[in-house]
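Student: I would like to work through this model by question and answer, beginning with its surface and then turning to its charged pairs.

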Amino acid sequence: MAYESGSSRFCQRCGSHVGTLPQCPRCRAHQNAPGGPAQPGGDDWEPARLRHRPPAWRRPSVLISLAVAGLALALTWWIVAGQGSAPAESGGAGPGKAPLLASASPETGPETGPETGPETSPETDPQTGPTDGPADGEPTETGSAGQSPGPSDQEPAAQPVARRQAEQLEELLSSSSSSRASLSDAIASATRCEQDGVRGIKEITASRRDQLAAAKALSVSALPAGTELKDSLVDALDASHAADAAFLSWARRHVGGNCAGPVASDGDYQLGLVKSETAQKAKTRFSRAWRPIAETYDLTAWKPDQI
């Protein structure tokens, strides 16, 4: 059967114009006889494949795009609601701008899906915070809370204690030096049979007793060689107090007897000289141990004959 261009027959499968042909030249589908039911014609006719095509909004590509857009919108709302008004940390987002929905990781490369937004990255999770820094209470290089102090950290704390102990020693040594300077004048006054000499030696002896008690109560735990330093000072003040007590016994008897007896050969006077020599040796030991401490804290480097 010949093809007639004026015929209004169309293929029932693909909608192509077949005229009077028994078979569609496009899809090779057999056609009804020319005397069969007539196909609709004119401008209102539409091929079968076009009549059964779904609406544009129901096509798969459009549905997928709508689903992705809806998921991105929901994810953006969740991030904004969770973080409140906090400024975005990356992407240059400022006030009124939504944070980025994807981030790049040096290990995994760029993240492309809405499911890999900031809320799934451990570096920007608002619940856990950055993971590459120290947690609260963990040690840091600057001495944050919870850090265990090492030897170098303990030194600054020990310095004020050592200085305070050294300054307490300095006060005691200053008092001892005043007593030592007054003793010679008091003995000379008693030798001249003056009552003021007896009173002077008595006051010095009482001061030495108080200084000895203070030396025994000193705390020297933060000072270098503190035990040796304290022991030598206690020995020196103990011997000085014994010497002053012996000189006081001599002065009372000498002045009370109108200074009739000899001075140099008196037993108490001789005992005072012996105890003074013992005290001088202990003061020498103390002075050697004290000098580096005095230099460290800018204190007086007392000499043996000044204590």
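Student: Which residues form a nonpolar patch on the surface?

Tutor: This is a predicted model, and the patch in question has about 240 Å² of accessible area together. One of its members lies in helix α2, which spans residues 60–83. The residues that form the patch are Val62, Leu63 and Leu66.

Student: Is Leu66 buried or exposed?

Tutor: The relative accessibility of Leu66 is 53%. Since exposed means over 50% relative accessible area, Leu66 counts as exposed.

Student: Which helices does the salt bridge between Asp244 and Arg208 tie together?

Tutor: Side chains of opposite charge can pair when their charged atoms come close. The side chains of Asp244 and Arg208 meet at 3.4 Å, N to O, and both residues are buried. Because the two residues are 36 apart in sequence, with Asp244 in one helix and Arg208 in another, the pair ties together helix α5 and helix α4.

Student: With which residue does Arg253 form a salt bridge whose closest N and O atoms are 2.6 Å apart?

Tutor: Arg253 is partly exposed, with a relative accessible area of 43%, and belongs to a network of salt bridges that also includes Asp268. The partner at 2.6 Å is buried, with a relative accessible area of 13%. That partner is Asp266.

Student: What distance separates the C-alpha atoms of Asp235 and Lys281?

Tutor: Asp235 lies in helix α5, residues 226–256, and, leaving aside neighbours within four places in sequence, is in contact with Ala282 and Arg285. Asp235 and Lys281 are 46 residues apart along the chain, and their C-alpha atoms are separated by 9.3 Å.

Definitions and conventions: Residues are numbered from 1 along each chain as its sequence is written. This is a predicted model: local features need pLDDT of at least 70, side-chain atom pairs count only at pLDDT 80 or more; totals for chains, interfaces and linings use all residues. Side-chain values use heavy atoms; hydrogens and water are left out. Patches are made of residues with over 30% relative accessible area and no salt bridge: like charges are joined within 9 Å, nonpolar side chains (Val, Leu, Ile, Met, Phe, Trp, Tyr) within 5 Å. Accessible areas come from the Shrake-Rupley method with a 1.4 Å probe; for residues, only the protein chains shown count as cover. A salt bridge is a side-chain nitrogen of Lys or Arg within 4 Å of a carboxyl oxygen of Asp or Glu. Helices (H or I, at least four residues) and strands (E, at least two) are DSSP runs, numbered from the N terminus. Buried means under 20% relative accessible area, exposed over 50%, partly exposed in between (1.4 Å probe, protein chains only). Contact means heavy atoms within 4.5 Å.
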